[in-house]
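Subject: Structure for your review

Hello,

Here is the structure I said I would pass on. My notes on what was found in it follow below.

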Amino acid sequence: MRLVISALCLLVLFSYAAAYDPLDPNGNITIKWDVMSWTADGYVAAVTMNNFQMFRHIMNPGWTLAWTWAKKEVIWSMVGAQTTEQGDCSKFKGNVPHCCKKTPTVVDLLPGVPYNQQFTNCCKGGVVAAWGQDPSAAVSAFQVSVGQAGTSNKTVKLPKNFTLLAPGPGYTCGPAKIVPSTTFLTSDKRRKTQALMTWNVTCTYSQFLASKNPKCCVSLSTFYNETITPCPSCACGCHNRKNCVKSDSKILSTVGAHTPRKDNEPLLQCTHHMCPIRVHWHVKLNYKDYWRVKIAVTNFNYRMNYTLWTLAVQHPNLNNVTQVFSFGYKPVNSYGPINDTGMFYGTKYYNDLLMEAGPTGNVQSEVLLKKDKDTFTFKQGWAFPRKVYFNGEECMMPPPDSYPFLPNSARVNLPTFPAFIFSLLFLLVLW
């Protein structure tokens, strides 16, 4: 019995740990259903998706939301979104519902749809910004008219089994929970109204569920050491090595080679690390009161342009960032006064689009940091980041013993030590 209880406890702990991000402990996507009015056989609801993650956004081709109806509900109509399938609506005569499936799958509408099909915060192709990057764009919404659902708080049954793809797997959604009704302020700000009924669904992200291998890696270099520490070999797994291409391959000139596939399978440039993204951290200059770092992000995927990209870095000196030259920057205070994490992102219309692999497939910037003389040092890898995330995915760091080191703190060369002992003994014999 004890073994069973222990196993269950470990399983619970592991499931929570898999979806817990220490750099963004409160990050999640919350889906809120507000019943705005009752109809003859159901209700009209506004569904709002808020991305409360600091540095993980939903990129192209956007989110896909699905659920299972509790009864025999149908969707009469939608504004701002649509279901991917209508299902079997043969039993309806006259008005035919928008969707009759027991488990509907909903996607956002594309930009430029007619005005009468639009809803507030809709029609962005499912792309949703990270909360830390742009809170005003970290929301997506649509309106749905549900039939055969009950016409009161007591007869309406909450949908079940919510799933969220954004755009791939990785999110786990909890059950819908009834919460206090949302209040709304009228445009003249003189009157408050409230939803007739509200329920929330919370979805959390796990990198382990999204992919067994990392999707990015980190390389390091410094001005005080000629050694460049590359990304670890097969940092992102080498399962794509058979499909990788060299930069001068004729395959790249064929029609459709750069078109994204439905399964998001990348077409990678052949490298020893086999990662779509490499982040390079270079300690560039050392001043009396400041030091300077150059950050370069390179895309090795010929099928992917990264929009709204973010780069989150954990480093103890990020509490003294003086200037960031060509990226946007915001501190990420995960634990109150501890300010060792920051988020870099592209400047709009300048470098907010990381192009596919090739000559233009990189973005770079420099960061000027003020020295804290009580903690600052170049020794023992202090100048390098502790963790690096690209688009919310943790990147593979090199092993610490491979970091470039200061010339005056050279490590002991163990293979020469026996030779040193032998030479010492030889000199003693001669003496």
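A patch, as the word is used here, is made of residues with over 30% relative accessible area and no salt bridge, and nonpolar side chains are joined into one when they lie within 5 Å. Please keep in mind that this is a predicted model.

Surface patch and Arg-292

Three residues, Leu-285, Tyr-287 and Tyr-290, make up a nonpolar patch on the surface. Together they have about 240 Å² of accessible area. Leu-285 belongs to strand β16, residues 277-286. With a relative accessible area of 34%, Leu-285 is partly exposed, and that value is over the 30% that a patch residue needs.

Two of the patch residues also turn up among the contacts of Arg-292, namely Leu-285 and Tyr-287. Arg-292 sits in strand β17, which covers residues 290-299. Is Arg-292 buried or exposed? Its relative accessible area is 17%, so Arg-292 is buried. Apart from neighbours within four places in sequence, Arg-292 touches His-282, Val-283 and Lys-284 as well as the two patch residues. Its other contacts of this kind are Phe-325, Glu-366, Val-367 and Leu-368.

Disulfides

How many disulfides does a search of the whole structure find? The search gives eight. Three of them are described here.

Cys-89 and Cys-100 are bonded with their sulfur atoms 1.9 Å apart. The link is right-handed, with 115° about the S-S bond. Both cysteines lie in the loop between β5 (81-83) and β6 (105-108), so the disulfide ties together parts that are eleven residues apart in sequence. Cys-89 is buried at 9% relative accessibility, and Cys-100 is buried as well, at 16%.

Cys-173 and Cys-203 form another disulfide, with an S to S distance of 2.1 Å. The torsion about this S-S bond is about 100°, so the link is right-handed. This pair connects distant parts of the chain, 30 residues apart: Cys-173 is in strand β9 (residues 171-173) and Cys-203 in strand β13 (residues 197-205). Cys-173 counts as buried at 16% relative accessibility, and Cys-203 counts as buried at 0%.

The disulfide of Cys-234 and Cys-238 has an S to S distance of 1.8 Å. Its torsion is about -90°, so this disulfide is left-handed. Cys-234 is partly exposed at 36% relative accessibility, and Cys-238 is partly exposed at 27%.

Cys-99 takes part in no disulfide. Which cysteine sulfur is nearest to that of Cys-99? It is the sulfur of Cys-100, 6.6 Å away, whereas a disulfide requires sulfur atoms within 2.5 Å. Cys-99 is buried, with a relative accessible area of 1%.

An open sheet

Five strands form an open sheet with antiparallel pairing, in the order β21-β22-β19-β25-β26. At the edges are β21 (327-331) and β26 (393-394), each of which pairs on one side only. Within the sheet, strand β19 (residues 310-314) and strand β22 (residues 341-346) run antiparallel and are joined by five bridges. Thr-310 has Tyr-345 of β22 as its bridge partner.

Backbone points to check

Two cis peptide bonds are worth a look on screen. One joins Asn-60 and Pro-61, with omega about 15°. Pro-61 is in the loop between β2 (42-51) and β3 (64-68). Another joins Ala-166 and Pro-167, with omega about -10°. Pro-167 is in the loop between β8 (160-165) and β9.

Positive phi values come next. Asn-161 is not a glycine, yet its phi is positive, at about 50°. Asn-161 lies in strand β8 and is exposed, with a relative accessible area of 56%. Gln-380, also a residue other than glycine, has a positive phi near 55°. Where is Gln-380? Gln-380 is in the loop between β24 (362-370) and β25 (387-390). At 85% relative accessibility, Gln-380 counts as exposed.

Regards

Terms used
Residues numbered from 1 in each chain as written. Predicted model: local features only at pLDDT ≥ 70, side-chain atom pairs only at ≥ 80, totals over all residues. Heavy atoms only, no water. Patch = residues over 30% accessible without salt bridge, like charges linked within 9 Å, V, L, I, M, F, W, Y side chains within 5 Å. Areas by Shrake-Rupley, 256 points an atom, 1.4 Å probe, with all protein chains shown as cover. Salt bridge = Lys/Arg side-chain N within 4 Å of Asp/Glu carboxyl O. Helix = DSSP H or I, 4+ residues; strand = E, 2+ residues; numbered from the N terminus. Buried < 20%, exposed > 50% of the residue type's maximum accessible area, 1.4 Å probe, protein only. Contact = heavy atoms within 4.5 Å. Pairing = 2+ DSSP bridges.
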